[in-house]
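Let's take a walk through this protein model together, one piece at a time. Have the sequence and the 3D view open as you read.

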Amino acid sequence: MNKIDVRLVAESDSLSIFEWRNDDLTRKMFRTSNRVSWDEHSNWLTSTLSNPNRCLLMCETEKGEPIAVVRFDIEDNYANLSINISPLKRGKGYASKCLSLAVNYFEFHFPLVSELVAEIKTINLPSKKSFERVGFILKEERDGYWYLLKKK
């Protein structure tokens, strides 16, 4: 696998994130599975990029090809995180590497956050395995979701 870079999401990433969000499999794995309109997405991204309690990272190849977006929602000393892999990059081993790099970036820039939590639908075994590969541990299973935890 080639080198992967992690950076903050920019407005120029909007179309990729929008298309990934409305992908059928992605929607099936999200808590909110409805399609979003371009206006809804644009408003969400604008709000997200200006929110100091949210960190949105893009993982990409060294040639700038987008692979995944990783979102961290910060509350006190913990953050919920999720990953959305480009439909074109699924099943190619990128998820764990992207998660690892994104977590490292996040922990460096947000040192006061001591606990990370991932909420994953129980039908999404590949995502659970990816999080476990980077040190997340199953905390509980409830209402069709796994809750995985990683402490510093």
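## The sheet

Seven strands make up an open sheet, and they sit in the order β1-β2-β3-β4-β5-β7-β6, with mixed pairing. Two strands count as paired if DSSP finds at least two bridges between them. At the edges you'll find β1 (4-8) and β6 (137-142); each has a single partner strand, so one side of each has no neighbour in the sheet. From one strand to the next, the twist averages 25°. Lying against this sheet is helix α1 (residues 14-21), which touches β2 (54-61), β3 (66-75) and β4, and its direction makes about 85° with that of β3. Contact here means heavy atoms within 4.5 Å, while axes are lines fitted to C-alpha atoms (for helices, over the stretch in contact), with angles from 0 to 180 degrees between N-to-C directions.

A few ground rules: this is a predicted model, where local features need pLDDT of at least 70, side-chain atom pairs count only at pLDDT 80 or more, and totals for chains, interfaces and linings use all residues. Residues are numbered from 1 along each chain as its sequence is written, and side-chain values use heavy atoms, leaving out hydrogens and water. As for the names, helices (H or I, at least four residues) and strands (E, at least two) are DSSP runs, numbered from the N terminus.

## How the strands pair up

Start with β2 and β3, which pair in the antiparallel sense over seven bridges. One of the residues to look for is Leu56, whose bridge partner in β3 is Arg71. These two strands form a hairpin with four residues between them, and in the turn Gly64 has a positive phi of about 90°.

Next door, β3 and β4 are antiparallel too, joined over eight bridges. Here Val70 has Ile83 in β4 as its bridge partner. This pair also forms a hairpin, now with two residues between the strands, and Asp76 in the turn has a positive phi of about 55°. Then there's a parallel pair: four bridges join β4 (residues 78-85) to β5 (residues 115-121), and Ala79 is partnered with Leu116 in β5.

## What's tucked inside

Is β3 mostly covered or mostly open? It's mostly covered, with seven of its 10 residues buried. Buried means under 20% relative accessible area, exposed means over 50%, and partly exposed is in between (1.4 Å probe, protein chains only).

A nonpolar core is a set of buried Ala, Val, Leu, Ile, Met, Phe, Trp, Tyr and Cys residues joined through side-chain atoms within 4.5 Å. The largest one has 29 residues, and Phe72, Leu81, Leu116, Phe131 and Phe136 touch the most other members. At least two residues come from each of β2, β3, β4, α4, β5 and β7 (145-151). The largest share, seven residues, is supplied by α4. Apart from this core lies another one of seven residues, including Val9, Ile17, Leu56 and Met58.

## Helix α4

Helix α4 (residues 94-109) has 16 residues, and at 1.5 Å a residue it should span 22 Å; its end C-alpha atoms are indeed 22 Å apart, which agrees. That expected span is 1.5 Å times one less than the number of residues. Among the buried residues of α4 are Tyr94, Cys98, Leu99, Ala102 and Phe106. An α-helix has 3.6 residues a turn, so residues three or four places apart point the same way.

## Cysteines without bonds

How many disulfides does a search of the whole structure find? Zero; to count, two cysteine sulfur atoms must be within 2.5 Å. Cys55 is in no disulfide, and the nearest cysteine sulfur, in Cys59, is 11 Å away. The sulfur of Cys59 has its closest cysteine sulfur in Cys98, at 3.6 Å, which is too far for a bond. Cys55 counts as buried because its relative accessibility is 3%, and Cys59 counts as buried at 0%.

## Two charged residues to find

Asp13 sits in the loop between β1 and α1. At 7% relative accessibility, Asp13 counts as buried. Leaving out residues up to four places away in sequence, Asp13 touches Arg7, Leu8 and Met58.

Glu140 is in strand β6, and with a relative accessible area of 30% Glu140 is partly exposed. Again not counting residues up to four places away in sequence, Glu140 touches Tyr145, Trp146 and Tyr147.
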